[in-house]
Amino acid sequence: MKRLFVAAVGVIALAGLTFAAGPKTAAAPGPEWSMNATVIEACSCTMFCQCYFVPSPSGHHDGHEMKHFCKANNAYKVNHGHYGAVKLDGAKFWFAGDAGEDFALPKLDWAVLIFDSSVTKDQSDALLVILRNLRFYRPERWNSYEIGKPSSMNWSISSDRAEASLGGGKTAEVVLSRLKGMNDGPVTLNNLKYFGYPRNDGFLLMPNEVEAYRVGEKAFEFRGSNGFLTTVEITSKDIKK
């Protein structure tokens, strides 16, 4: 297995992980495209998010009854990619929402997609085409789905921390801290599916110090719950005609 562990800011620290083999299918018509991106993810579930193993998210007691939900923030940065002649390297976007009480339901609760203010219209249009090859990111998968107004987005990774914010933290924020294992290496999980992406290079487990979406009636904030890093990859060759 190829081993990766780089402590420099902006480089994901992963060890002993390999990309899972993706499906071999014919390329979809239209421009050839690809996207390799790293996501800083955090959610309200206990560590590690049980939604990856069972349909029901973690339960939360509000003082009266137990409620199940998965309120999450996914902060993406494209490492390298393109859609035809449109370069996607460095493009950032934020996906936040609540999957509701049961992933097996026809529709999840609500979601919002926000592009960094530096992303061009050509880039955002291209990223929308790419993401909508994945059912989780399609508007019809949600009871409420919104593409929000572009906002300034900060995104950084070191060997011990991962931080992302939207609107200087006034809109959304995620801060993850490294989970200490048996030695100095990272605590990792691999060979786990992630939202339909044909490949990911495993999960670097990092509980959150805070994960929050702070605008509107659906605002939320959690501390000490689930968090991780992973790098995903998808290309037009992965998509069936």
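How many salt bridges does the structure hold? In this predicted model, the structure holds ten. Several of them can be followed along a single sheet, which makes a good place to start.

The sheet is open and built from five strands, arranged in the order β9-β10-β11-β15-β16 with antiparallel pairing. Strands β9 (153–157) and β16 (220–222) lie at its edges; each has a single partner strand, so one side of each is left without a neighbour in the sheet. On average, neighbouring strands are turned by 5 degrees against each other, direction ignored. Within the sheet, β11 (residues 172–177) and β15 (residues 208–213) pair in the antiparallel sense over five bridges, and here Glu173 stands opposite Ala212 in β15.

Turning to the charged side chains, Glu209 forms a salt bridge with Arg161, with the closest N and O atoms 2.7 Å apart. This pair links distant parts of the chain, since Glu209 belongs to strand β15 and Arg161 to strand β10 (residues 161–166), 48 residues apart. Glu209 is partly exposed, at a relative accessible area of 34%, and Arg161 is also partly exposed, at 30%.

A further salt bridge joins Arg214 and Glu173 (2.9 Å, N to O). It too links distant parts of the chain: Arg214 sits in the loop between β15 and β16, and Glu173 in strand β11, 41 residues apart. Arg214 has a relative accessible area of 28% and Glu173 one of 23%. Arg214 also forms a salt bridge with Glu221, the closest N and O atoms being 3.3 Å apart. Through shared partners, salt bridges join Glu173, Arg214, Glu221 and Arg223 into one network.

Conventions
Residues are numbered from 1 along each chain as its sequence is written. This is a predicted model: local features need pLDDT of at least 70, side-chain atom pairs count only at pLDDT 80 or more; totals for chains, interfaces and linings use all residues. Side-chain values use heavy atoms; hydrogens and water are left out. Two strands pair if DSSP finds at least two bridges between them. Helices (H or I, at least four residues) and strands (E, at least two) are DSSP runs, numbered from the N terminus. Axes are lines fitted to C-alpha atoms, for helices over the stretch in contact, and angles run from 0 to 180 degrees between N-to-C directions. A salt bridge is a side-chain nitrogen of Lys or Arg within 4 Å of a carboxyl oxygen of Asp or Glu. Buried means under 20% relative accessible area, exposed over 50%, partly exposed in between (1.4 Å probe, protein chains only).
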